[in-house]
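Biologist: Walk me through this model, please. I will ask, you reason.

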Amino acid sequence: MNTQHYVYELENTLNGMKYIGCRSYEGNPVDDKYYFGSSTLMPVNKRDICTKTILSTFNTRHEAQSEKTRLLNLHDVTNNDLYYNRKISSPSEHCVGYKPTQEHKDNLAAAWVGRVVSDETKVNMSVAKSGANNPRFGKTAVKRTCEHCGKTVGNNMYVRWHGSNCKSLNK
Ligand SMILES: [Zn+2]
């Protein structure tokens, strides 16, 4: 089956908000039922709460994009709070295709790598601060008694305020 280019409408069944997009798909658009647009303006659970309606199908991307632009203008989406669409794109922009561009793939890969590194870092930080790896694990605080004023304090307090720094030396 040839690539089909279609215009679709998503409707959020919870609040009635809509999104109009276009898409190129290698096959019958009705089989493309798991695609719910790439807009980051949509809720992340859009597949659960939105319905998808295929409005029209075309033989070229340009026709589909032109129809999408016509609908966006028709509904004045830039000023219409009922639509997630916020920008009226020009017909020269490409529809979202079935095959992502290499740049898009690279972006996806970079985003994914970033997430993995981030999670690993979190795990490492968590391990480093817990149990036997914690520098304080198994140690009791070292206390020292100041030879000048006789107070027993933690080692860090001793170094800062006692010993050769003890206030009692200034008396
Ligand atoms: Zn002291």
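Biologist: In what order do the 3 strands of the open sheet lie?
Modeller: First, this is a predicted model. The sheet is open and its pairing is antiparallel. Strand 2 and strand 3 are the edge strands, each pairing on one side only. Neighbouring strands are turned by 30 degrees against each other on average, direction ignored. The order is 2-1-3.

Biologist: How many bridges join strand 1 to strand 2?
Modeller: Strand 1 covers residues 3-12 and strand 2 covers residues 18-26. They run antiparallel. One facing pair is Gln 4 and Tyr 25. The number of bridges is 9.

Biologist: Which residue in the turn of the hairpin formed by strand 1 and strand 2 has a positive phi?
Modeller: The hairpin leaves 5 residues between its two strands. The phi in question is about 80 degrees. The residue is Gly 16.

Biologist: What is the bridge partner of Glu 9 in strand 3?
Modeller: Strand 3 spans residues 50-58 and runs antiparallel to strand 1, with 8 bridges joining them. His 5 has Phe 58 as its bridge partner there. For Glu 9, the partner is Thr 53.

Biologist: What span does helix 2 reach from its first C-alpha to its last?
Modeller: Helix 2 takes in residues 61-74, which is 14 residues. At 1.5 Å a residue, 20 Å is expected. The model comes close to that, at 20 Å.

Biologist: Why do the buried residues of helix 2 lie on the same side?
Modeller: The buried residues are Ala 64, Gln 65, Glu 67, Lys 68 and Leu 72. They sit on the same side of helix 2 because the arc they cover around the axis is limited. As background, an α-helix has 3.6 residues a turn, so residues three or four places apart point the same way. The arc here is only 160 degrees.

Biologist: Which strands do the buried residues of helix 2 pack against?
Modeller: Look at the two sides of the helix. Asn 73 and Leu 74 are exposed, on the other side from the buried set. The buried residues, Leu 72 among them, face a different environment: they pack against strand 1, strand 2 and strand 3.

Biologist: Is Asp 76 buried or exposed?
Modeller: Asp 76 is in the loop between helix 2 and helix 3 (102-128). The cut-off for exposed is 12 or fewer C-beta neighbours within 10 Å. Asp 76 has 10 inside 10 Å, so it counts as exposed.

Biologist: What phi does Asp 76 take just after helix 2?
Modeller: Most residues other than glycine have a negative phi. Asp 76 is not a glycine, yet its phi is positive. The value is about 50 degrees.

Biologist: What pattern does the protein chain follow along the sequence?
Modeller: The chain holds 4 helices and 5 strands. Read along the sequence, they give β-β-α-β-α-α-β-β-α.

Biologist: What share of the contacts with a separation of 6 or more comes from residues 24 or more positions apart?
Modeller: The chain has 171 residues, and 15% count as buried. For the contacts you ask about, the share is 54%.

Biologist: Over which residues does pLDDT stay under 50?
Modeller: The mean pLDDT of the chain is 80. Of its residues, 67% reach 70 or more. The stretch under 50 has 0 contacts beyond four places in sequence. That stretch is residues 112-117.

Technical notes
Residues are numbered from 1 along each chain as its sequence is written. This is a predicted model: local features need pLDDT of at least 70, side-chain atom pairs count only at pLDDT 80 or more; totals for chains, interfaces and linings use all residues. Two strands pair if DSSP finds at least two bridges between them. Axes are lines fitted to C-alpha atoms, for helices over the stretch in contact, and angles run from 0 to 180 degrees between N-to-C directions. pLDDT is the predictor's confidence in each residue, from 0 to 100. Two residues are in contact if their C-beta atoms, placed from the backbone, lie within 7 Å. The expected span of a helix is 1.5 Å times one less than its number of residues. A residue is buried if 20 or more other C-beta atoms lie within 10 Å of its own, exposed if 12 or fewer, and partly exposed in between; C-beta atoms are placed from the backbone. The arc is that of the directions from the helix axis to the C-beta atoms.
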